[in-house]
Each structure stands twice: as structure tokens, then as C-alpha cells.
Amino acid sequence: MLTVRFWGVRGSLPCPGADTVIYGGNTACLEIRADERLLIIDLGSGVRPLGNWLVKNEIKKYGKISADIFLTHTHWDHIMGFPMFSPVYIPGTELRITGPALFENNSIKSIIETQLSYQYWPIREEELAANIEYNQIRETTLDLKDGLLVQSKFLNHPVFCLGYRINYKGKSIATVYDHEPYRNLFTGEAAEEGEMAAAEENEKIRQFVKGADIVIHDAQYTKEEYSAKEGWGHSSCEHALQIAENNDVQKIVFFHHEPAYTDSMLKEIEDSYNKYSKPEVIIAKEGQLLEA
């Protein structure tokens, strides 16, 4: 069985309060289960409640916490929860953290560990009890054994960012966030070549999600909002739906919600799209469990 549970669904920054009780206000964190195997995608503020749940339940069941963690990228809203992820303070915890190869001689390890310095946090990296392994990847397919494969795909965002497709026993869950459609950025003689390059990259995204049971897609803006925010690295709800409709996707999950969106606004979006869309449209909600 392949499932995903949402622990953080917001983009940019946490937004707790009376207007975000239903859908949630934590930033990105997904718990994916391939039968008994645990995969976590992103370490946003939602990883704090996930960590507390794992400490109460996982150790009792398995004797320890062991997880493969995949980072889409290192923007603050996707890593900010790591210092508050309680399993890192428990001996016996095994974490394998994988993320995109970066630039400027930075590494996934150095960026994550920078949070654990006295300027930002009272506990240093050397004081963590968990056994943590760091890996950097580009576009590849990782074989996690027992039929569990994880494909990575570069996305269109202002920093190196990866989407992940988890394939297990004929089922698949794909993530496409933080991402916006590729577009031509050139004028003059280079414009035609730019159009071709953008079309080619957009086709690669379509092939990446094609036939997936669940696609969790960036949908931070409406079509009207997106027109004023091109280049910010996020998609519109309309684009996310179009990707699903044209690529045999069974369920499309709108994700990385705009912090300003209230529960009533998100409910309105969900109702409006499900009136006419062929694939099921789901607005990601904290605590929600979906089976591929």
C-alpha cells in the first residue's frame, strides 16, 4: 500500500490562527508510507507534529525511528522545522536526508546544520543523538529496494528544486512543488529558441507526472494572481488542473497554499473546481490521508 499524509500544506511561512484551523497553517511536510517504509518530503514546520507523533508511535511499534527524508529545496519554509523534529534528539534514530545538489560550494548538510548554531538555536549539530546521513542528487532514479523507486526531476524555481515521484507496487505519488511552468525569457533572434526550450521542459514535467495516481502540485495562486507574480516560482490552480487533465492523473492535490488564503477561501476553490473537473481535485489539508 502506498499512502500520503499531510502534516504541513502552506507555502512561504506558517500562518496559524482562527482562519486556518480546517486546512492548517504549517509549511510543507509530507509523510509517505510504502507499506512499512517511511519517507518524509520536506522539513517545514509541519515536521514538528509529525516528529512528536513518530516518537509516540513508531518507537513503540518498531523499536526505533528510521526514515528517508527528501528535500525539494532549501528555502526557509521547507527546512525550518528540522531543529524541532524531536526524533533527532533520540538515540537510535536513523535519518537519510537527500536533496538537490546546490551551488556556491554549499551542501545540503551545511545548510541544514547552519540552523543548529547558537545564532539561531540553543542546541548544536554535534549534540544531536540521531545518526544522520546526507546525500545530494540531481535528476536520477533511486532504488530503495523491495520495489520502492524514487525518481527526481528538476522544477522551475529560483533555486535548485526537485520534484519526486514515488513508485511502489504499481502505484505512484508525484510531487511538483515549488514550481511554475517554464516560459520563454528571450526576445529578438533568441525568442524562437527560447520558446522551444520552454516547451521541451514543460513536456518533461508532463512525462514526469503522466499516469500518476496522485499528483501533489504547487497551486499557490489563482490565474489572476499568477499573472502579476510570474517568476516567483509558483503555479496557479488552473495550471495544476491542466497538468492533471492532460496526463491521465487520477487525483490532483492543490498544495503550497498562499498564507493569506483562509479556510473559507480554500473551500470555495475546492468546490468550484470539483463542479466540472474530471480528475478529483483535493485541497491539501493537514491530517488528511490519501491512498494511491
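The residues that line the largest cavity of this predicted model divide into 7 nonpolar, 1 polar and no charged. They are Ala219, Cys237, Phe254, His257, Tyr261, Leu266, Ile269 and Ile283, and the space that lies in this largest cavity comes to about 40 Å³. When the whole structure is searched for cavities of 30 Å³ or more, 1 is found. Rolling a probe the size of a water molecule over the atoms shows where empty space is left.

One of the residues in that lining is Ile283, and the strand β13, which covers 280-283, is an edge strand of an open sheet. This open sheet has 7 strands with mixed pairing, and their order is β7-β8-β9-β10-β11-β12-β13. Its other edge strand is β7, covering 141-143, and each of the two edge strands pairs on one side only. From one strand to the next, the twist of the sheet averages 15°. Within the sheet, strand β9 (residues 162-168) and strand β10 (residues 171-176) run antiparallel and are joined by 5 bridges, and Ile166 has Ile173 in β10 as its bridge partner.

Another set of strands is found earlier in the chain, where strand β2 (residues 29-34) runs antiparallel to β3 and is joined to it by 5 bridges. Leu30 has Ile41 of β3 as its bridge partner. The hairpin formed by β2 and β3 has 2 residues between the strands, and in this hairpin Asp35 takes a positive phi near 55°.

Strand β3 also pairs with strand β4 (residues 66-70), in this case in the parallel sense and over 3 bridges, with Ile40 standing opposite Ile69 in β4. Between these two strands the chain passes through helix α1 (residues 47-62), and the resulting β-α-β crossover from β3 to β4 is right-handed.

The strand pairs described above are set side by side here.

| Strand pair | Sense | Bridges |
|---|---|---|
| β2 and β3 | antiparallel | 5 bridges |
| β3 and β4 | parallel | 3 bridges |
| β9 and β10 | antiparallel | 5 bridges |

Why is strand β3 (residues 37-41) largely enclosed by the rest of the structure? A residue counts as buried when its relative accessible area is under 20%, and 4 of the 5 residues of β3 are buried, so this strand is largely enclosed by the rest of the structure. Strand β3 is also joined to β2 by 5 bridges and pairs with β4 over 3 bridges.

Definitions and conventions: Residues numbered from 1 in each chain as written. Predicted model: local features only at pLDDT ≥ 70, side-chain atom pairs only at ≥ 80, totals over all residues. Heavy atoms only, no water. Buried < 20%, exposed > 50% of the residue type's maximum accessible area, 1.4 Å probe, protein only. Pairing = 2+ DSSP bridges. Right-handed = clockwise from strand over helix to strand, strands pointing away. 1 Å grid on protein atoms, 1.4 Å probe; cavity = no way out; pocket = protein on both sides within 12 Å on 5 of 7 lines; lining within 4 Å. Points joined across faces, edges and corners; volume = space filled by probe spheres on them. Nonpolar A, V, L, I, M, F, W, Y, C, P; charged D, E, K, R; others polar. Axes fitted to C-alpha atoms, helices over the stretch in contact; angles between N-to-C directions.
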